[in-house]
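Please open the structure in your viewer and keep the selection tool at hand. The tour proceeds by selections, each followed by an account of what is there.

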Amino acid sequence: MNNQGVHRRKFLQMGGTIAAACTIAPSLYGSALLAEPEALIIKEKMRLFSNENPYGPSKKVLESITNQMTRVNRYASFHQYDTNTLRETLAQRYSIDTNQVLLGHGSFEILCMLTRAFGQRKNSIIIPGLTFNVTGRFADKVFDHKCLQVPLDDAMQIDLEATKKAVTKETQLVYFCNPNNPTGRLLPAKTLEDFCKEIASSTCTVAIDEAYIDLVDPAARPDTVELLTEKYNVLIIRTFSKAYGLAGLRVGYALGLPATIERIRSQHYSFGGLINTVGVAAAITAIQHNAYIDIYRKQNNEVRSYVEKALKEFGIPFLPSTTNFLLMRVKDVDRYKTELKTAQISPVPGGWPNYSDWARISIGTQSEMDIFINAVSKMDWLVR
């Protein structure tokens, strides 16, 4: 057997020791972090494709969800936990006014609303060449034209210099995801902040999708809220779906200047947003008991490091990530997906235009990633 095969065997023999080192002590705020949920004992294909928090929300949030189950016959209004209270809670947290907060049915709804608010004209929206492209795809469907795409640079990072050059008087919105999905790359804080100060204006909004920002080391995060406080026309889009473990409840939000928020809100055809009563209560409780995020970030980082070590041992290229997913380079994406499916791992995204040999894998629990690594260890053909 070749040396790579030997490396794979040795790494798998180390798995138990590394797994033990990745265990976190019990915490008041953790729920399933104390032990992996029973549902993760493989009864169906593992979900390593949507970048979900595999442990679930904190105990406090679970309690609030349970308590609200008797109110599911009511709209999320005129109550202790209603949409206005959620907006007020978010405004308080970020020290901004309530009219600077927009709620959405997950961040997905807000990304779609951006299309209607800014995408009427061709090339009025600029997006990276590889990103979470909800806004661009929706523009293509609604207005029958594509957004202007700027390719990533040679390091597969969002190219802000090229983006600057692409901005014209027609540009109304520059959108990017930071950390970027699916690359996992984080823009340097000062680089991003300088870009926003130069490009954000009364006629051009810079929208930053920060779905994964809670997974980034706080010291490395750009201070986008401070940009907003300084009256730069930035739109910060965040969600409770990822780090907070509330993907199934669909709660997202955006922070921006009052005029920008109102411009987007005008495209919202529902009263009070499309957020359900349980989701509102869970989101408010999650904000009030925020220490859980630090626990999940640490757990995710340790399991991700374990996976990165395995990929290095196997000789499989991947991009450095600050998130709960990794982008890997594989020889045959279709075959890779098929063999993961055989190992009871749901098909993963990959094979994008211009990036046909890259695939993304979510970081699950330790036992899930053990199964993933075991499956990959048998794919001797995987490296290009």
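The largest cavity in this predicted model has a volume of about 50 Å³. To find the largest cavity, select its lining: Pro57, Ser58, Val61, Tyr244, Ala286, His289, Asn290, Tyr292 and Ile293. Colour these lining residues by character; six are nonpolar, three are polar and none is charged.

How many cavities of 30 Å³ or more does a search of the whole structure find? The search finds two.

**The second largest cavity**

Clear the selection and turn to the second largest cavity, which holds about 40 Å³ of space. Its lining consists of Ile126, Ile127, Pro128, Val150, Ile158, Leu160, Thr163, Val174, Tyr175 and Phe176. Which elements each supply at least two residues of this lining? They are β2 (125–128), α6 (160–166) and β4 (173–177); show them as a cartoon and keep the lining residues as sticks. The lining of the second largest cavity comprises nine nonpolar residues and one polar residue, with no charged residue.

**Tyrosine 355**

Next, select tyrosine 355, which is placed in strand β10 (residues 355–362). Is tyrosine 355 buried or exposed? Its relative accessibility is 13%, and tyrosine 355 therefore counts as buried, since the limit for that term is under 20%.

Now display the residues around tyrosine 355. Once neighbours within four places in sequence are left aside, tyrosine 355 is in contact with Leu130, Leu152 and Met156. Add glycine 129 to the selection and draw a line between the two C-alpha atoms. Tyrosine 355 and glycine 129 are 226 residues apart in sequence, while their C-alpha atoms are 9.9 Å apart in space.

**The cysteines**

Finally, select the cysteines. A disulfide is a covalent bond between the sulfur atoms of two cysteines. How many disulfides does the structure hold? The number is zero. Cysteine 204 offers an example: it is in no disulfide, and the nearest cysteine sulfur, that of cysteine 196, is 9.9 Å away. For a disulfide to be counted, the two sulfur atoms would have to be within 2.5 Å.

Keep cysteine 204 on display and consider its surroundings. Cysteine 204 is buried, with a relative accessible area of 3%. Then select cysteine 177, which also counts as buried, at 1% relative accessibility. The residue range given for strand β4, 173–177, ends at this number, so the tour may close with a return to the strand displayed earlier.

Key:
Residues are numbered from 1 along each chain as its sequence is written. This is a predicted model: local features need pLDDT of at least 70, side-chain atom pairs count only at pLDDT 80 or more; totals for chains, interfaces and linings use all residues. Side-chain values use heavy atoms; hydrogens and water are left out. On a 1 Å grid over the protein atoms alone, a cavity is a set of points where a 1.4 Å probe fits but cannot get out, and a pocket is an open set with protein on both sides within 12 Å along at least five of seven lines; lining residues have an atom within 4 Å of a point. Grid points are joined across faces, edges and corners, and a volume is the space filled by probe spheres set on the points. Ala, Val, Leu, Ile, Met, Phe, Trp, Tyr, Cys and Pro count as nonpolar, Asp, Glu, Lys and Arg as charged, and the others, Gly among them, as polar. Helices (H or I, at least four residues) and strands (E, at least two) are DSSP runs, numbered from the N terminus. Buried means under 20% relative accessible area, exposed over 50%, partly exposed in between (1.4 Å probe, protein chains only). Contact means heavy atoms within 4.5 Å.
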